[in-house]
Amino acid sequence: MFEYAPAPESRSVVDLKPSYGLFIDGTFVDPTDGGSFKSINPASEEVLAEVAEAGAQDVERAVRAARKAYDKVWGPMPGRDRAKYLYRIARLIQERSRELAVLESLDNGKPIRESRDVDLPLVAAHFFYYAGWADKLEHAGFGQRPASQHGGAIPQPLGVAAQVIPWNFPLLMLAWKIAPALAAGNTVVLKPAETTPLTALLFAEICQQADLPAGVVNILTGAGDTGRALVEHPGVDKVAFTGSTDVGRAIARSVAGTSKKLTLELGGKAANIVFDDAPIDQAVEGIVNGIFFNQGHVCCAGSRLLVQENVADRVLESLKRRMAQLRVGDPLDKNTDVGAINSAAQLERIRELSDAGSAEGAERWSPPCDLPDRGFWFAPTIFTGVTQAHRIAREEIFGPVLSVLTFRTPAEAVEKANNTPYGLSAGIWTDKGSRILWMADRLRAGVVWANTFNKFDPTSPFGGYKESGYGREGGRHGLEGYLNV
Amino acid sequence: MTATTTSARSELSELGRSETALRTFLHGLPGVDQVGAEQRAAQLGTRSIKTTAKAQAIDLAIRMVDLTTLEGADTPGKVRALAAKALRPDPADPSCPHVGAVCVYPAMVPHVAEVLRGSGVHLASVATAFPSGQAPLEIKLADTRAAVAAGADEIDMVINRGAFLAGRYKEVYDEIVATKEASGDAHLKVILETGELATYDNVRRASWLAMLAGGDFIKTSTGKVPIAATMPVSLVMLEAVRDFREATGRQVGVKPAGGIKTTKDAIKYLVMVNETVGPDWLDPDWFRFGASSLLNDLLMQRTKLTTGTYSGPDYFTLD
Amino acid sequence: MSERVAVRKTYKLFIGGKFPRSESGRSYLVQSSNVSLASRKDARDAVVAARAAVKGWAGATAYNRGQILYRAAEMLEGRREQFVALGIPGDEVDAAVDRWVWYAGWADKLAQVYGGANPVAGPYFNISAPEPTGVVAVVAPERPALLGLVSVIAPAIVSGNTVVVAASPSEPLAAVTLAEVLATSDLPGGVVNILTGAITETAPTLAAHMDVNAIDLTGVGDAALATDLEVKAAENLKRVLRPAPGNHDWTADPGVAPMTALLETKTVWHPKGV
C-alpha cells in the first residue's frame with residue numbers, strides 16, 4: 001500500500017486576532033447595540049475568534065457611511081479611478097492568497113486544495129475582471145434607455161447595495177457581490193454568514209491596505225437578524241442575496257413595493273445526466289466533482305445523477321471505485337479531497353435527509369472512511385434506487401450526498417431533470433454533439449455544463465431559473481443588477 | 001476468475017480474427033474527453049507526498065526504473081557501465097534497491113546479460129525495427145528472436161503506427177501476436193508511441209488492441225519522437241489496463257517512457273497508479289519507468305531524505 | 001323600408017385560442033355590451049393554456065415568431081376602423097401598430113444583442129443566450145386601452161413567453177378585439193390569453209399561481225395592489241416588473257427593459273479538445 005503521510009499546510013501564515021469588530025466607514029468599530037459570537041473551525045470545533053454581531057443601529061451606521069461615500073466619493077469618482085482601486089484589490093488578494101486560503105479552510109472546513117486552487121484564483125480574477133468594466137459601462141450593451149428614464153449615455157449606479165452572502169464560498173461570494181457593485185459605482189454593506197465571517201474581515205483589512213475610500217465597503221458580521229435589518233433598511237437601493245430559497249422568498253416579500261432592485265441566487269437540485277455514449281472516466285470525475293466538491297455545499301451541485309439505464313451498473317461501479325479514493329479529513333492537509341461539514345446545524349440537516357432517504361427505501365452506500373472524532377463530518381454517500389418521489393430527489397441536501405436515478409430516453413432525462421422547482425444548473429455527458437445542443441435547449445437551468453461540471457469564470461454569467469432565483473452574477477450580465485437599467 | 005470474465009475473455013479473443021470485429025470493438029470503447037482527462041491528471045499531480053511516504057515512493061520508483069540507453073553511439077563499455085549502475089544505483093548505500101531492468105538495443109544485449117546474470121534485474125531490449133517499426137515483418141521478428149536468444153527476458157516492440165492510423169487494426173494486431181510468439185518466454189511490452197497517435201481516443205484503442213493481441217505491458221513511447229510520456233496519456237492507459245482486467249481477469253503492466261526526469265514527476269505517476277488502478281500495480285512487475293536521467297534524481301532525493309542534506313550531481317555516478 | 005337590424009358582438013374571454021364565456025357565467029356592462037367577468041377559475045384555466053403553449057412557442061424559430069408578430073400587425077392595421085369605432089383614437093391605433101411592428105423585429109435579434117460568447121480562462125466553449133422565462137402574467141394598464149395593452153403583450157411574447165393578461169376593466173372591448181386580431185394571425189392558441197373583468201379578482205390568482213414564472217405589474221396604478229401582488233409573486237420567486245414610477249408615458253419609446261426583464265440567461269459550457 002502507498003499511504004500518503006500527512007501534508008499539512010502551515011496555519012502560521014494567518015495572524016488571527018482574538019476578536020473582531022464591525023468594519024464601518026473604513027475602520028473596525030465595536031457594535032453599538034449588538035453582541036458578539038464565536039466563529040469556530042468546523043474541523044475541530046476550536047474557537048477561532050470572537051466576532052461582533054451587528055444590531056439595528058450598527059446597520060444604520062453602516063448604511064449611512066455607505067450613503068455618504070456614495071454621494072461624496074465613489075459616485076462622483078471617474079470610472080477609471082474606481083477601476084484602479086479594484087485592480088489594486090485584485091493584486092492584494094493575489095499577494096495574500098496563501099493567507100486567505102488557509103483562513104478560508106480554517107473557518108469554512110473546505111480542503112486547502114480547493115481554497116488554494118479554486119476559490120482564491122477565482123476571487124482575484126473576479127475583481128480583476130470587473131475592475132476593467134468600471135470605465136466602460138456605456139459599452140456594456142444595456143441599450144439606449146427611454147428618454148423618460150434617467151437620460152444620458154452612461155448607465156448609472158443604484159446607490160447603496162445591501163449584500164448578504166452564504167457560508168459555502170465565503171470569499172468567492174464576497175467577490176461576486178462586491179466587485180460588480182463597486183465597478184458599477186455603488187457602495188456596499190455586506191454581511192457574511194455567521195459561521196464564516198473571518199475572510200470577509202481580512203478582506204476589510206485589504207480594503208484598508210488598498211486605501212479604498214472610507215465607507216465604500218462596509219462589513220457587518222452577524223446572523224439572520226442582522227441580515228434582515230440590512231435588507232429591510234429603507235436607505236438601501238439594491239439587495240443582493242445568495243443563500244437558501246426560503247430566505248430568498250422572505251427577502252423578495254420584504255422588498256415588495258419598494259424601489260430596491262433585487263437579485264437572488266438561491267438553491268438548486270441539479271441533474272447531472274450521463275448517457276450511454278459518455279466519456280465514462282471523465283463523466284465519473286464530473287459526477288464526483290459535481291457532488292463532492294466543497295463537501296457538496298454548492299448550490300449548483302450535481303446532486304441528482306440521472307444515468308441511462310443501460311450503463312447504470314457500469315457507471316455506478318466506476319463511481320464507487322472512484323469514491324473509495326476520496327480522502328476525507330483535515331481541511332488543511334494538502335491531500336484532503338473532502339473536508340468538514342460547515343456547521344453542526346448543517347450536519348444535522350444532511351443526516352436528517354439521508355435518514356429519510358434510507359427510510360423511504362433508497363439504498364445507501366459510502367466507501368469505508370475513517371472520520372475524525374471532533375468536528376463535523378459526513379462520509380461521501382450515494383443513494384441508488386431513488387425515484388422522483390423521494391425527498392432526497394427533491395430537496396436540496398447541501399452536503400456530500402448523491403441521489404441516483406435512471407432514465408431510458410433523452411426526452412425522459414429532460415423531463416426528470418426539469419421536474420423540480422429549482423433551475424440553477426445541469427450537466428450533460430455524451431459524445432454526441434447534436435444531443436448536447438438538443439438537451440441544452442430543453443433544460444430549464446441557468447448554467448448547463450456539457451462534458452464538464454462545476455466550472456466557474458468571472459466572464460461567465462451564473463444564476464438560476466425558477467426558484468433558484470433571478471439575476472445573473474458574472475460577465476457583462478452581472479453588471480445589470482447594479483445599474484439603473 | 002469468474003465465469004463471466006472467462007467467457008468475456010474468450011469472446012474478446014475472437015475479435016482478432018476479423019478486421020470488422022476489431023474495428024467495431026475498438027470504436028465502441030468509451031471516448032476520452034481531452035480536457036477532462038488532462039484535468040484529472042493535473043489534479044493527481046497536486047498530491048503532496050512527504051516524509052515516510054516520499055521515502056517509500058522513491059525506493060519503489062527506483063525498483064521500477066527501466067534504465068535505458070538507446071543511442072547509435074552505445075558501445076559494450078557504455079552498456080556494461082549502465083548495467084553495473086542498475087545493480088547498485090548508489091554504491092555508497094547498500095540499502096538502495098536495484099532498478100527494474102536495463103533496456104538496450106538488441107546488439108547490446110549480450111554485453112548487458114553478462115553483467116546482470118542472476119541479479120534479478122531484468123534485461124529488456126527494444127526490437128521490431130525500433131523506433132519506427134518500418135521494416136518487413138520477417139525482419140522485425142528476426143530482430144525479436146535475436147534479442148531473446150542473446151538473453152533479453154523482456155521485449156519492447158513498437159506497433160505499426162502507420163497501419164493503426166490508417167485503420168488497418170488487424171495488421172497491427174497480427175504483428176503483435178507474431179511478435180509475442182517470437183518473444184517466447186520473454187515479457188512483451190508494446191510501445192504505442194502515443195505521441196504519434198495524436199488523440200486519447202486512439203491511445204485507448206491502441207491500448208486495447210495491444211492487450212487483446214497478448215501484450216504483457218503497454219508502453220507509451222520510444223523516446224525518439226518529440227512527445228513522449230505524459231501524465232494524461234498514462235492515465236488513459238492505466239484506465240485501459242484496469243478495464244481490461246475487469247473484463248478478462250488478465251492483468252497488464254504499464255510503462256511510461258521518456259520525459260520523466262525528476263523524482264517529483266515519478267511520484268506523481270505513482271500517485272496516479274495508486275489512485276487509478278490501485279496497489280496491485282504498484283510493483284515493478286506491473287509498472288515501470290522508461291528513463292535514464294530519472295535515476296540520479298531519485299538517488300539525490302533519497303540521499304536528502306536519509307541524510308537531511310541536499311546533494312549534488314557530482315556525488316552520483318554518471319552512466 | 002325598415003332600417004337593418006345590426007348583429008351585435010358578444011365580448012368573451014380569450015383562452016387557449018378560443019373565446020369562451022366566463023365559467024362563472026357572469027358578465028358586466030361596458031359601453032352597452034355585456035363583457036365576461038372572469039373568475040379565479042378562468043385565470044387558472046388561462047394559466048394551463050399558457051403553459052401548454054410554451055413548448056411550441058418558445059421552441060418556434062425566432063424568425064417564425066417574428067413573422068407571426070408581423071402578421072398580427074397587419075391584422076391590427078386592417079381593423080383600424082373597428083378600434084376607432086370603439087373609441088380608440090386613430091393616432092393610438094397607429095402607434096399600437098407601429099409598436100407591434102417594432103417588437104416583431106426584435107424576435108431574431110434578442111439573442112444576438114443579449115447573448116454572446118464568454119472568454120473564460122480555460123479550454124472551454126462558453127456561450128450565454130437569452131431564453132423566455134415561460135408563462136408571464138400581465139396586468140394591463142387601465143388606459144390607453146389599446147397602446148397600453150400592446151405595449152405589455154408584445155414584449156413578453158416576442159421572445160417566446162406566453163401570457164395571461166388581465167385586461168383593463170374599464171376598457172375591455174379593445175382587449176377582446178385585439179384577441180380577435182391575434183386569433184387570425186397564426187399565433188398559436190394559448191400564447192396570448194386575455195381575461196376581462198375585475199383585476200382584483202384575477203390578478204391575485206395569477207400573482208400567487210405557482211405555475212406562472214413572471215408578472216408584469218407595469219400597468220398597475222394602485223400602489224397597494226401592486227405591493228400585494230409582488231408579495232404574492234415572491235412565493236415561487238416570480239420575476240417581477242414593478243409599476244413604473246409616476247405617470248407612465250405609454251407613448252414614449254419603451255426601451256428594451258420590457259423584453260429583457262422577462263428573459264432568462266442560459267450559459268452553456270463545453271470543453272474544447274480533440
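This passage describes the chains, the nonpolar cores and a few selected elements of a predicted model.

Chain A is a good place to begin. Its secondary structure amounts to 15 helices and 18 strands, and its C-alpha atoms occupy a box of roughly 65 × 55 × 35 Å along the principal axes. For 485 residues, the rule for a compact globule gives a radius of gyration near 23 Å, and the 22 Å found for chain A agrees with that. Buried residues make up 61% of the 485 in chain A. Of the contacts in chain A with a separation of 6 or more, 72% are between residues 24 or more positions apart.

Chain C can be described in the same terms. Here there are 10 helices and 10 strands, and the C-alpha trace spans about 85 × 40 × 35 Å along its principal axes. The radius of gyration of chain C is 19 Å, in agreement with the value near 19 Å for a compact globule of 274 residues. In chain C, 54% of the 274 residues count as buried. Among the contacts of chain C between residues at least 6 apart in sequence, 77% link residues at least 24 apart.

Attention now turns to the nonpolar cores. The largest has 257 residues, and those with the most contacts inside it are A:Leu86, C:Trp100, C:Leu146, C:Leu149, C:Ile153, C:Val164 and C:Val165. The element that gives the most to this core is helix α5 (residues 170-184) of chain A, with 12 residues. A second, separate core holds 101 residues, including B:Ala37, B:Leu67, B:Val121 and B:Phe164. Back in the largest core, C:Leu146 has, beyond its neighbours within four places in sequence, contacts with C:Phe83, C:Ile88, C:Glu92, C:Val93, C:Ala96, C:Ala174 and C:Leu178.

Another residue of that core, C:Val164, leads to a pair of strands. Strand β6 (residues 162-166) of chain C runs parallel to β7(C), with 4 bridges between them, and C:Val164 lies opposite C:Asn193 in β7(C). In a regular strand, side chains alternate between the two faces of the sheet. In β7 (residues 192-195) of chain C, C:Val192 and C:Ile194 point one way while C:Asn193 and C:Leu195 point the other, and all are buried.

In chain B, helix α13 (residues 263-276) offers a neat check on geometry. Its 14 residues should span 20 Å at 1.5 Å a residue, and the end C-alpha atoms are indeed 20 Å apart. The helix is mostly covered, with 12 of its 14 residues buried; among them are B:Thr263, B:Ile267, B:Leu270 and B:Val273. The buried residues of α13(B) pack against α3 (34-44), α4 (51-63), α12 (231-248), β8 (289-291) and α14 (294-307) of chain B. After α13(B) comes B:Gly278, with a positive phi near 90°.

One of those packing partners, α14 of chain B, contains B:Gln301. B:Gln301 has 22 other C-beta atoms within 10 Å and is therefore buried. Leaving out residues up to four places away in sequence, B:Gln301 touches B:Ile58 and B:Thr263. By contrast, 21 Å separates the C-alpha atoms of B:Gln301 and B:Leu44, which are 257 residues apart along the chain.

Finally, chain B also meets chain C, in a contact that takes 5 residues from each of chain B and chain C. The side of chain B that touches chain C has 1 nonpolar, 3 polar and 1 charged residues.

Key
Residues are numbered from 1 along each chain as its sequence is written. Chains are lettered from A and ligands numbered from 1 in the order in which they are written. This is a predicted model: local features need pLDDT of at least 70, side-chain atom pairs count only at pLDDT 80 or more; totals for chains, interfaces and linings use all residues. Two residues are in contact if their C-beta atoms, placed from the backbone, lie within 7 Å. Ala, Val, Leu, Ile, Met, Phe, Trp, Tyr, Cys and Pro count as nonpolar, Asp, Glu, Lys and Arg as charged, and the others, Gly among them, as polar. Helices (H or I, at least four residues) and strands (E, at least two) are DSSP runs, numbered from the N terminus. The expected span of a helix is 1.5 Å times one less than its number of residues. A residue is buried if 20 or more other C-beta atoms lie within 10 Å of its own, exposed if 12 or fewer, and partly exposed in between; C-beta atoms are placed from the backbone. The radius of gyration is taken over C-alpha atoms; the globule rule is 2.2 Å times the number of residues to the power 0.38. A nonpolar core is a set of buried Ala, Val, Leu, Ile, Met, Phe, Trp, Tyr and Cys residues joined through C-beta atoms within 7 Å. Two strands pair if DSSP finds at least two bridges between them.
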